[in-house]
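Colleague: I have a few questions about this structure. Let us look at it together.

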Amino acid sequence: MATIFCIANQKGGVGKTTTTVNLAAGLARLKQKILLVDLDPQGNATMGSGIQKTALDASIYEVLLGLSDVESVLQRASTDYYDILPANRELAGAEVEMVDIERREKRLKEALDSVRNRYDFILVDCPPALSLLTLNAFCSADGVIIPMQCEYYALEGLSDLVNTVKHVHANLNRNLRIIGLLRVMFDKRATLSQHVSDQLEKHFGDRVFKTIIPRNVRLAEAPSYGLPGIDFDPSSRGAQAYLNFAQEMLEWLKVNH
Ligand code: ADP
Ligand code: MG
């Protein structure tokens, strides 16, 4: 039975998609069966997995609205070792169109239930908002992974995210919890990065992952080749860090399940 993690932060450009795609690739290399769910209308995880978002017959949008089943939307990523439910801008309409649907916050959960026993992990790449789409991710997940840049405004908005997770835990999904904060795009020469990083450790203790993802241009170049950074340049510092993170998540699972 798959453990479901969503990668969330309502800020854009903080490394959610990069983390989701590379964690998928990293866990797959560790022999885990992975399904990646692209829940962002920008479709960056779809493109970053080598799938043309403009050429989809069906996407996660149809799944959420009950127009297609998961099976017929599933695709194999370009690297051929994880599955993906792709997304494109059609998904932006789902927010509005789901308003009249019953149990609208549970649509993703119900869809994933049908394939959950086939995977070890399902990773959901969330959009940059605490929206109905993100709520669907929270209702289906066992845990939230929060990528953060260690910069001055990093903590701003974090309490909204934490409160939303608490609310969902209390009212909609007892399984949900914050697994941890992942420091990404880290610049170890910058005093500010180090300072914010220390603050995070002080406040969140062991809910800050040990692995730190450095700023690394190879990770940023990879999506334009339709590849996770781990496959694009396996020896790069960014790829190595995400491999370590995948290992850390596997160990987390051993301890927590
Ligand atoms: P989000 O999904 O939160 O919007 P992305 O993962 O798309 O964020 O990252 C935002 C931008 O930063 C992208 O251009 C991505 O390639 C780049 N990026 C992400 N992580 C790193 C990193 N560790 N080093 C360098 N660039 C990165
Ligand atoms: Mg993204």
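Colleague: Which residue in β5 does Cys 6 stand opposite?

Modeller: Bear in mind that this is a predicted model. Strand β1 (residues 3-7) runs parallel to strand β5 (residues 121-125), and five bridges join them. Ile 7 stands opposite Asp 125 in β5. Cys 6 stands opposite Val 124.

Colleague: Which residue of β2 stands opposite Val 124 in β5?

Modeller: Strand β2 (residues 34-38) also pairs with β5. The sense is parallel, over five bridges. The residue opposite Val 124 is Val 37.

Colleague: What is the order of the strands in the open sheet?

Modeller: In general, strands of a sheet pair through backbone hydrogen bonds, either parallel or antiparallel. Here the pairing is mixed, and eight strands take part. The order is β3-β4-β2-β5-β1-β6-β7-β8.

Colleague: Which are the edge strands?

Modeller: The sheet is open, with β3 at one end of the order and β8 at the other. An edge strand pairs on one side only. The edge strands are β3 (75-76) and β8 (208-214).

Colleague: How many residues of β5 are buried?

Modeller: Both faces of β5 are covered. Phe 121, Leu 123 and Asp 125 are buried on one side, and Ile 122 and Val 124 on the other. The strand is mostly covered, and the count of buried residues is five of five.

Colleague: Why is β2 largely enclosed by the rest of the structure?

Modeller: Ile 34, Leu 36 and Asp 38 point one way from β2. Leu 35 and Val 37 point the other way, and all are buried. β2 is largely enclosed because its buried residues number five of five.

Colleague: Which residue in β4 is the bridge partner of Leu 36?

Modeller: β2 pairs with strand β4 (residues 83-85) in the parallel sense. Three bridges link the two strands. The bridge partner of Leu 36 is Ile 84.

Colleague: How many residues of helix α7 are buried?

Modeller: The helix covers residues 132-140. Its buried residues include Leu 133, Leu 135, Phe 138 and Cys 139. Thr 134, Asn 136 and Ser 140 are also among them. Helix α7 is largely enclosed by the rest of the structure, because the buried count is eight of nine.

Colleague: What covers the buried residues of α7?

Modeller: Strands and helices both contribute. The strands include β1 and β5. The helices include α5 (94-97), α6 (107-113) and α8 (158-171).

Colleague: Which element gives the most to the shell around ligand 1?

Modeller: 18 residues surround ligand 1, and the closest are Gly 15, Lys 16, Thr 17, Thr 18 and Ala 220. The elements giving two or more residues are α1 (16-29), β7 (178-186) and α10 (217-221). With three residues, the top contributor is α1.

Colleague: How many residues of the shell around ligand 1 are charged?

Modeller: Split the shell by class. Eight residues are nonpolar and eight are polar. The charged residues number two.

Colleague: Is Trp 252 buried, exposed or partly exposed, and why?

Modeller: Trp 252 lies in helix α12 (residues 237-256). Its C-alpha is 8.9 Å from that of Ile 179, although the two are 73 residues apart in sequence. A residue counts as buried at 20 or more other C-beta atoms within 10 Å, and as exposed at 12 or fewer. Trp 252 has 16, so the class is partly exposed.

Colleague: What is the radius of gyration of the protein chain?

Modeller: The chain has 12 helices and eight strands. The globule rule gives 18 Å for 257 residues. The chain's value is close to that, so the chain is as compact as a globular protein of that length. The radius of gyration is 17 Å.

Colleague: Where does UniProt place the "coiled-coil region"?

Modeller: The feature comes from an unreviewed UniProt entry. In the model the span is 39% helix and 0% strand, and its end C-alpha atoms lie 25 Å apart. The entry places the feature at residues 91-118.

Methods
Residues numbered from 1 in each chain as written. Chains lettered and ligands numbered in written order. Predicted model: local features only at pLDDT ≥ 70, side-chain atom pairs only at ≥ 80, totals over all residues. UniProt positions renumbered as here; feature names shortened; annotations may be inferred. Helix = DSSP H or I, 4+ residues; strand = E, 2+ residues; numbered from the N terminus. Near = placed C-beta within 6 Å. Nonpolar A, V, L, I, M, F, W, Y, C, P; charged D, E, K, R; others polar. Rg over C-alpha atoms; globule rule 2.2 N^0.38 Å. Pairing = 2+ DSSP bridges. Contact = placed C-beta atoms within 7 Å.
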